[in-house]
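Hi there,

Here is the structure I promised to pass on to you. Have a look at it first, and my notes follow below.

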Amino acid sequence: MPQNPGRPVAEPPERTVAATTVVTPRGDLDLRTAPVLSRRLDRLTDRAFPDLVLDLRAVPFIDCSGLGVLCRARNRVLARGGRLRLVTDRPSFLRVLHHTRLTGVFELHSRLPAELDEAVPAARASR
């Protein structure tokens, strides 16, 4: 049950590094929030060769509508010759993927690749 059912759902932050777009949803990915993410991902996957990373580490819960959004994004990316990576370190999310037989469908990472991690340039600059 959503905590604030009347509150509008904010679009997830995104940033682009080189040709890769990193989208960072926060909060539950469920029936209420999935349409907002779906619209964003549709815009990001409407061109040839999209390179998309979804950083899901701040998503504590995902339901079937959220999984549907991820599958739709994957299908759109692959149809356009692109790449989709999911970043998650949550065992609960990995269990959901396992039980729905989607584990091998997505390219999964436990952290952002170094070239996309905002903390890396800051750490180098402080040395």
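Arg101 sits in the loop between helix H3 (91-99) and strand S5 (107-109). Since this is a predicted model, please read everything here in that light. Arg101 is not a glycine, yet its phi is positive, at about 60 degrees. For context, most residues other than glycine have a negative phi. With 75% relative accessibility, Arg101 counts as exposed.

Ala18 also has a positive phi, near 55 degrees, and is a residue other than glycine. You will find Ala18 in the loop between S1 and S2. Its relative accessible area is 77%, and Ala18 is therefore exposed, the cut-off being over 50%.

Now to helix H1, which spans residues 34-44. Its buried residues are Ala34, Val36, Leu37, Ser38, Arg40, Leu41 and Leu44. What do the buried residues of H1 pack against? Their partners are strand S1 (14-17), strand S2 (20-23), strand S3 (51-55) and helix H2 (64-79).

You may have noticed an arginine in that buried list: Arg40. Its relative accessible area is 10%, so Arg40 falls under the 20% limit for a buried residue. The side chain of Arg40 forms a salt bridge with that of Glu14, at 2.7 Å from N to O. This pair joins distant parts of the chain, with Arg40 in helix H1, Glu14 in strand S1, and their positions 26 residues apart. Glu14 is partly exposed, at a relative accessible area of 35%. Both belong to a network of salt bridges that links Glu11, Glu14, Arg40 and Arg43. As general background, side chains of opposite charge can pair when their charged atoms come close.

How many salt bridges does the structure hold? The count is 8, and two others may interest you.

- Asp42 and Arg72 meet through their side chains in a salt bridge of 3.0 Å, N to O. Here too the pair links distant parts of the chain: Asp42 lies in helix H1 and Arg72 in helix H2, 30 residues apart. Asp42 is partly exposed, with a relative accessible area of 21%, and Arg72 counts as partly exposed at 39%.
- Asp55 forms a salt bridge with Arg57, and their closest N and O atoms are 2.7 Å apart. Asp55 counts as buried at 7% relative accessibility, whereas Arg57 is partly exposed at 30%.

Happy exploring, and best wishes!

Conventions
Residues numbered from 1 in each chain as written. Predicted model: local features only at pLDDT ≥ 70, side-chain atom pairs only at ≥ 80, totals over all residues. Heavy atoms only, no water. Buried < 20%, exposed > 50% of the residue type's maximum accessible area, 1.4 Å probe, protein only. Helix = DSSP H or I, 4+ residues; strand = E, 2+ residues; numbered from the N terminus. Contact = heavy atoms within 4.5 Å. Salt bridge = Lys/Arg side-chain N within 4 Å of Asp/Glu carboxyl O.
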